[in-house]
Amino acid sequence: EVLESLCALDVASEEIVSYGIHPRQFIEWYGPAAGQLVVLVHGIFADDRHGLPALRPAALALGEAGYRVALVEYRREAGDPSVTLEDTRTLARLPQLLGATWIGFSSGAIPVLDLLFGEDSTVRHGVLLAPIIDLRQEVEEKGIYAEAAQQWMGDTPEKNPDLYAQYDPAVAYARLGADAFTAEGYRLDIVHGTKDQIVPAQRTYNLAKEPFNIALVPEANHYDLICPGHDAWILLLGALCLQNSAK
């Protein structure tokens, strides 16, 4: 119900810019040009009806709060994860997006973590909302998005472990390590609802010993986290404000 309500809201950007020739390669801009810059990434596994439209109310609300919001669309091709990550890496290199905080919702956490944990990345701060972080876990535990994750990757962890070693954010973080993460000055904030029936909050709770900032929102479901005005929304704004203060 929350998802359908968000998608039904009449929200549209008046400023849309392409960053490539494919129809999916575009940015919807919200908020004042001089605002603190954030990039908002919808879930990789969302369908067209529930992808970008679900995050437009959040983009609008952040814009009204004074942030300069880039709500990004990107290519998704079954069996070729490199296509999606090519696009988000291209976005991260755009001069107008340098220095941005990247916010990833649900499976939108995957490209954000790819940037944060990647070599020579310009992204230093990520905020994850109800995130899928471990693709192997999602497939092997047969989560809600297990089939979609397997289709996006093109194979299972059992049959193609090298594929997951290359593209799974959990593997990338294991290679980087907590000490290097801290030494590089990265920041990762994770917000998760305790009543999430799509991505279990226990997965985020299991990361409590890592150098991440974690907030669990009592009684919040998966889509409450992108609902302006919900308790979880305050935690998102808090993460952005703390980053701004650090600068």
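Helices, taken as H or I runs of at least four residues, and strands, taken as E runs of at least two, are DSSP runs numbered from the N terminus. With that convention, lysine 142 of this predicted model can be placed in the loop between helix H5 (135–140) and helix H6 (146–153). Its backbone has a positive phi of about 55°, although lysine 142 is not a glycine. Exposed means over 50% relative accessible area, and lysine 142, with a relative accessible area of 70%, is therefore exposed.

A second residue invites comparison. Serine 106, in the loop between S5 and helix H4 (109–117), has a phi near 55°, again a positive value in a residue other than glycine. Is serine 106 buried or exposed? Because its relative accessibility is 2%, serine 106 counts as buried.

From these loops the description turns to the sheet. Eight strands form an open sheet with mixed pairing, and their order across it is S1-S2-S4-S3-S5-S6-S7-S8. Strand S1 (15–18) and strand S8 (213–217) stand at the edges, and because each has a single partner strand, one side of each is left without a neighbour in the sheet. On average, and with direction ignored, neighbouring strands of this sheet are turned by 20° against each other. Within the sheet, strand S2 (residues 26–30) and strand S4 (residues 68–73) run antiparallel and are joined by five bridges, and it is here that tryptophan 29 stands opposite alanine 70 in S4. Helix H2 (residues 52–64) lies across S2, strand S3 (37–41), S4 and strand S5 (101–105), and runs at about 170° to S4.

Helix H4, which follows the loop that holds serine 106, can be described through two helix partners. The axes of helix H3 (residues 81–93) and H4 come within 10 Å and cross at roughly 55°, and the two helices are therefore oblique to each other. H3 passes H4 in a right-handed crossing, with the contact made by Leu85, Thr88, Arg89 and Ala92 of H3 and by Pro111, Asp114 and Leu115 of H4. With helix H8 (residues 169–176), the axis of H4 comes within 9 Å and crosses at roughly 20°, which means that H4 is roughly parallel to H8. This crossing, in which H4 passes H8, is left-handed, and the contact is made by Ile110, Leu113 and Phe117 of H4 together with Pro169, Ala172, Tyr173 and Leu176 of H8.

Two of these contact residues, Phe117 and Tyr173, lead on to the aromatic rings. A pair of aromatic rings is described by the distance of the centres and the angle of the planes. A search of the whole structure finds nine aromatic pairs. Among them, phenylalanine 181 and phenylalanine 212 form a pair at 5.3 Å centre to centre, with 75° between the planes, and the arrangement is edge-to-face. This pair links distant parts of the chain, since phenylalanine 181 belongs to helix H9 (residues 178–183) and phenylalanine 212 to the loop between helix H10 (201–205) and S8, 31 residues apart. Both phenylalanine 181 and phenylalanine 212 are buried. Which residues do ring pairs link into a cluster? The cluster consists of Phe117, Tyr173, Phe181, Tyr186 and Phe212, and it thus includes Phe117 of H4 and Tyr173 of H8, which also take part in the contact between those helices.

How values were computed: Residues are numbered from 1 along each chain as its sequence is written. This is a predicted model: local features need pLDDT of at least 70, side-chain atom pairs count only at pLDDT 80 or more; totals for chains, interfaces and linings use all residues. Side-chain values use heavy atoms; hydrogens and water are left out. Two strands pair if DSSP finds at least two bridges between them. Axes are lines fitted to C-alpha atoms, for helices over the stretch in contact, and angles run from 0 to 180 degrees between N-to-C directions. Contact means heavy atoms within 4.5 Å. Rings of Phe, Tyr and Trp (its six-membered ring) pair if their centres lie within 6.5 Å; planes under 30 degrees apart count as stacked, over 60 as edge-to-face and the rest as tilted. Buried means under 20% relative accessible area, exposed over 50%, partly exposed in between (1.4 Å probe, protein chains only). Angles under 35 degrees count as roughly parallel, over 145 as roughly antiparallel, 65 to 115 as roughly perpendicular and the rest as oblique. A crossing is left-handed if the near helix is turned anticlockwise from the far one by less than a right angle, and right-handed if clockwise.
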